[in-house]
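Welcome! Take a moment to turn the structure around before reading on. The report below goes from the surface to the inside.

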Amino acid sequence: MSYIVHPDKPLGDYKAVYLARASSEEIRKRRIGSGGAVTALLLYMIEEGVVDAVVTAKKKTGFTGEIVIARSRDELLEAAGDKWTVLPFTMKLKDSLSDESIRRVAIVGLPCQAQFIWQMKMFPMLETDFSHKISFIISLVCLGTFATEAFLNYLKTHHGMDPEKVSSIYIVGDYIETVYEGEKRTIPIKDIIPYMQLGCLVCPDYTGVFSDLSAGISENYPGYTVLISRTDVAEKYLRDACSRGYIEIMKAPLSVVEELEIKSKAKIIRATKYMSIVL
């Protein structure tokens with residue numbers, strides 16, 4: 001399996017690309033934009049004993065969040081949602097892996113975090129290493145995350161938004177769409193690029209090639225999650241979750257793959273540009 005992100009292979013290696021959504025209307029209502037397929041898949045993994053816990057991010061208010069260890073349906077559903085900041089999860093990961101009652105854990109993170117976890121699994125450095133407990137890695141597709149203070153100041157000064165009142169944010173074409181006090185507002189992506197983390201600006205990985213499964217959305221298929229299955233394990237879990245009624249899944253049309261490739265190539269080009277500036 002190749003982990004190199006290259007313009008000729010912008011999505012990395014993968015088995016298949018799917019459109020999926022949660023079978024549960026309750027979950028779909030919580031995740032209208034994406035269909036809730038990741039939440040439903042993780043719920044299958046917890047309830048069917050595939051994993052004992054899920055390490056993921058939970059939004060608190062606005063753009064703030066925290067890393068949580070979800071071990072039940074309620075804890076998992078509470079963590080569902082969009083997070084637009086990088087959260088340091090090393091300590092929570094250590095806590096979950098050190099817990100003797102947790103034998104297998106699934107991780108949900110960004111491409112950079114998926115790479116870190118994959119490297120930890122491949123190259124354990126400590127005698128007390130617990131990385132063998134990490135059984136599944138899910139990467140969310142990522143345009144980049146913000147330098148928090150600078151971006152929050154931008155929202156206040158340019159758009160009059162109190163970040164704590166931003167309930168959701170999505171990428172729609174060349175814009176991000178926010179829901180602020182129940183009202184939709186759009187901001188051109190080009191306007192927010194300068195407020196991203198430097199590490200994000202030089203990162204070429206849009207979909208998370210170091211994961212078992214990548215998850216994102218398509219502009220043309222609202223209400224569905226786009227899943228990039230990269231390993232045999234991912235294929236097995238998707239089939240099982242579908243057969244047990246947790247998710248509905250179908251092969252994605254070529255247009256969805258092309259959409260992902262365009263966005264992936266754009267991030268590679270951006271990373272090359274900013275890397276030349278930094279160096």
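## At the surface

Let's begin with helix α10, which spans residues 254–278 and contains M275. Please keep in mind that this is a predicted model. M275 has a relative accessibility of 33%, so this residue counts as partly exposed. Together with L198 and V278, M275 makes a nonpolar surface patch of about 260 Å².

## Cysteines without a bond

How many disulfides does a search of the whole structure find? The result is 0. A disulfide needs two cysteine sulfur atoms within 2.5 Å. For C142, the closest cysteine sulfur belongs to C200 and is 5.5 Å away, which is too far for a bond. Seen from the other side, C200 is in no disulfide either, and its nearest cysteine sulfur is that of C142.

Are these two cysteines buried or exposed? C142 is buried, at 9% relative accessible area, and C200 is buried too, at 12%.

## The nonpolar cores

Now for the inside. The largest nonpolar core holds 33 residues, and L41, L42, M45, V54, F136 and L227 have the most contacts within it. Several elements supply at least two residues each, among them strands β1 (16–22) and β5 (134–140) and helix α9 (232–243). Helix α2 gives the most, with 9 residues.

L227 is a good place to look around: leaving out residues up to four places away in sequence, its contacts include A16, V17, Y18, L213 and L238. There is also a second, separate core of 18 residues, including L143, F146, M161 and I171.

How values were computed:
Residues are numbered from 1 along each chain as its sequence is written. This is a predicted model: local features need pLDDT of at least 70, side-chain atom pairs count only at pLDDT 80 or more; totals for chains, interfaces and linings use all residues. Side-chain values use heavy atoms; hydrogens and water are left out. Patches are made of residues with over 30% relative accessible area and no salt bridge: like charges are joined within 9 Å, nonpolar side chains (Val, Leu, Ile, Met, Phe, Trp, Tyr) within 5 Å. Accessible areas come from the Shrake-Rupley method with a 1.4 Å probe; for residues, only the protein chains shown count as cover. A salt bridge is a side-chain nitrogen of Lys or Arg within 4 Å of a carboxyl oxygen of Asp or Glu. Helices (H or I, at least four residues) and strands (E, at least two) are DSSP runs, numbered from the N terminus. Buried means under 20% relative accessible area, exposed over 50%, partly exposed in between (1.4 Å probe, protein chains only). A nonpolar core is a set of buried Ala, Val, Leu, Ile, Met, Phe, Trp, Tyr and Cys residues joined through side-chain atoms within 4.5 Å. Contact means heavy atoms within 4.5 Å.
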